[in-house]
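Load the model and turn on a surface view. This tour goes from pocket to pocket and ends inside the protein.

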Amino acid sequence: MEQFTDVVQALAQGKQPASNNHISVYESSFEQKDGTNVIMAKAGTEKYLVAAGQGELFNSLTGDTVAGGKVCGLTHENRIVLNKFFAYTVPQAFGTEIATMGLGDRLGVASPGHIETTRNRKVKPILAQQSIRELTLLNRTMTDILDAASFAVFQEGYKDGYGADADHIKLEKDIEYALELGFSFITLDCSEQIRNDVEDAQKEFAGLPVDRKEYYNHYLNKTFEVQGLNITFDDESLAKNVLVYGEAIDFMEHVYNEYISKAEKAIDFEISIDETETVTAPEAHFFVAEELRRRGVTVQSLAPRFCGEFQKGIDYIGDLEQFEKELHEHAEIAKYFGYKLSIHSGSDKFSVFPIIGKYTEGLLHIKTAGTNWLEAVRVIAVENPDLYRRMHVYAEDHFEETLKYYHVTPDLESVAPLNETADADLPTYMDHDAARQLFHVTYGILLTAKNEAGEDLFRKEFFDTLLNNEDTYRQGLVKHIGRHLDLLGL
Ligand SMILES: [Zn+2]
C-alpha cells in the first residue's frame, strides 16, 4: 500500500493526483466533497478508491491507512458509501422520454467503454443487466453487477444517469430481491405463463372460467385503429389470444400491483413475451397491451418475439421485408400505448438497425450483452495470442455443453483451423460468425474452467490481460457499440 503515498499526499493538499510509475489514476473520478478528496486509482491490475481528508465521507470508507489517508478496495460496503454521497452512482429509471440501451457487462470491466460510447448521444445506458441464467453461469450475484456498474460510473466521472436491469426475472422472490438491492429496471419474463399448446381455441375458450362476455363486448368484431393500422378480432383470434396470453397478463398485473407500483422509487417496468416459441403477431401485441391498459398497468417497454431469428452475437437471420412490415406495426402499437418497443438479443443485428431506428423514432429499448465479451476476446487475441489459442481449443471441446442454454446454429466446420492461423490473424476469428458464436456461448465454461488442482485455467490470465490493456478494450467497445448506435440513429 505504500506505493499510494504520493497519491494520498496530493489528495491531502487538495490537489488532483497524477499517475506515477506504480499507480495510474483515473483522472475523471476526482471528487472533492464534504472535506474529503477521493479518486480511483489502479496498482497492477487492482483498483482502489484513495481518499484523504476528514468528515463523514472519509470516515465511512473502509480501507488501509496510508500516510494519514485511506486506500480502499472496491468492496460492496464502499460502493454503498459512494451511492450515499454521490447520487449519480445510483441507478435510476428513465421512463419513455429517451431511448435506452441495455449493456450487460458479464465481466464487470466493460462499463467504462460503454459509458464512453453512449455519452452525449440520444440514449441512456443500462449498465447493469444480467439474467439469472448469466449470473449462474458465471457465479456472480446481482449485488456484484450493481457494484461493478457503480464503480465504473464513479471511475468515469459520469453524471448523466444510468440504469440497472434485473433482466428476465420469472420469480416474485427475485423481483423483491432486485428492488431491495436498488435495481431501477425490472424485466418480467412471462414465458412460463405463455401457452404454446393451444389447439382448438374456440372450444377451450367456451369452457374457460373467465368473463367471456366482457371480452366479447370489448373485442369481438371491433376494429381498433392504431396509428393508421386496423386491428380486428374474430371469434377465433380472440379465443386464441385469451388462451395464449391470459395467464401471462394476469401475472403482469399481479407483479405490477404487488411490486412495481409500490416500489420506493420510479422503476422502468418491461414486459418480455419474447422467450417463447410463439412469434408475437402484431394483433397479439395489441391484445396484451390493451389488456394492460384496461387493468391500469403502466409499462415503460415491451419485448415481443419478432419473426426471424435473433441469434446471439451475429446478424439477423430471416426475411428482411417481412421483418420491416412487422417491426413497423409493433412500433406503431408501442407508440399508440406510449411505451418503448424493446429489442432483445439486439447486439450485432446490423442489417435491421436502420429499420428499427426508422420506425421506433427513439421510443426504443435495445438489449445487448455478450457482444462486449467478444470484444474482450478480441483484445486477448491481439495482446495474448497464447491464451487465445488455449481458450479457443477449450471452447471447441466444450461447445456441445452450452446447447442446453443457448439456441445457436454455428457451422463450426467453417471456422479456420487454429494451427493454420498465424498469431497476427487471430483477431479475425472475431469477425467470423461461427467463431463468434462458439465464444459467445462458452463464456461461462471458459471463465469458470479449472485444472485438476482446482485452479482457474483462464480466468486470472484473462482478466489480467484485459486490465493491462484497458484502453484497447475501451476503444474496441467504442467502435463496436458505436456502430450499433450510428445505425440506429441514436
Ligand atoms: Zn429476451
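What volume does the second largest pocket have? About 730 Å³. Keep in mind that this is a predicted model.

**Stop 1: the second largest pocket**

Select Leu74, Leu107, Gly108, Val109 and Ala148. Of the 27 residues that line this pocket, these five are the closest to its centre. Centre the view on them.

Now colour by element. Strand E3 (46–53), helix H6 (142–156) and helix H17 (459–468) are the elements that give two or more residues to the lining of the second largest pocket. Highlight H6 among them. H6 gives the most to this lining, with 6 residues.

Next, colour by domain. Domain 1 (2–74) and domain 2 (372–485) each provide at least three residues of the lining of the second largest pocket.

Then colour by residue class. The lining of the second largest pocket holds 13 nonpolar, 4 polar and 10 charged residues.

**Stop 2: the largest pocket**

Select Arg133, Asp274, Glu275, Lys312 and Ser345. These lie nearest the centre of the largest pocket, which has 39 lining residues. The space in the largest pocket comes to about 1000 Å³.

Which elements give two or more residues to the lining of the largest pocket? Four strands and a helix need selecting: E7 (123–131), E8 (163–169), E14 (340–343), E15 (364–368) and helix H5 (132–138).

Keep the class colours on. Here the lining of the largest pocket splits into 10 nonpolar, 15 polar and 14 charged residues.

**Stop 3: the cavity**

Switch the surface to transparent. How many cavities of 30 Å³ or more does a search of the whole structure find? The search finds 1. The largest cavity has a volume of about 40 Å³.

To see its walls, select Gly104, Asp105, Ser111, Leu127, Ala128, Gln129, Gln130, Ile145, Ala148 and Ala149, which line the largest cavity. By class, this lining has 5 nonpolar, 4 polar and 1 charged residues.

Add the elements. E7 and H6 each supply at least two residues of the lining of the largest cavity. E7 gives the most, with 4 residues.

**Looking back**

Two elements are worth keeping on screen. H6 contributes to the lining of the second largest pocket and to that of the largest cavity. E7 contributes to the lining of the largest pocket and to that of the largest cavity.

Finish on Ala148. This residue is one of the five closest to the centre of the second largest pocket, and Ala148 also lines the largest cavity.

Technical notes. Residues are numbered from 1 along each chain as its sequence is written. This is a predicted model: local features need pLDDT of at least 70, side-chain atom pairs count only at pLDDT 80 or more; totals for chains, interfaces and linings use all residues. Side-chain values use heavy atoms; hydrogens and water are left out. On a 1 Å grid over the protein atoms alone, a cavity is a set of points where a 1.4 Å probe fits but cannot get out, and a pocket is an open set with protein on both sides within 12 Å along at least five of seven lines; lining residues have an atom within 4 Å of a point. Grid points are joined across faces, edges and corners, and a volume is the space filled by probe spheres set on the points. Ala, Val, Leu, Ile, Met, Phe, Trp, Tyr, Cys and Pro count as nonpolar, Asp, Glu, Lys and Arg as charged, and the others, Gly among them, as polar. Domain bounds come from an automatic or database domain assignment.
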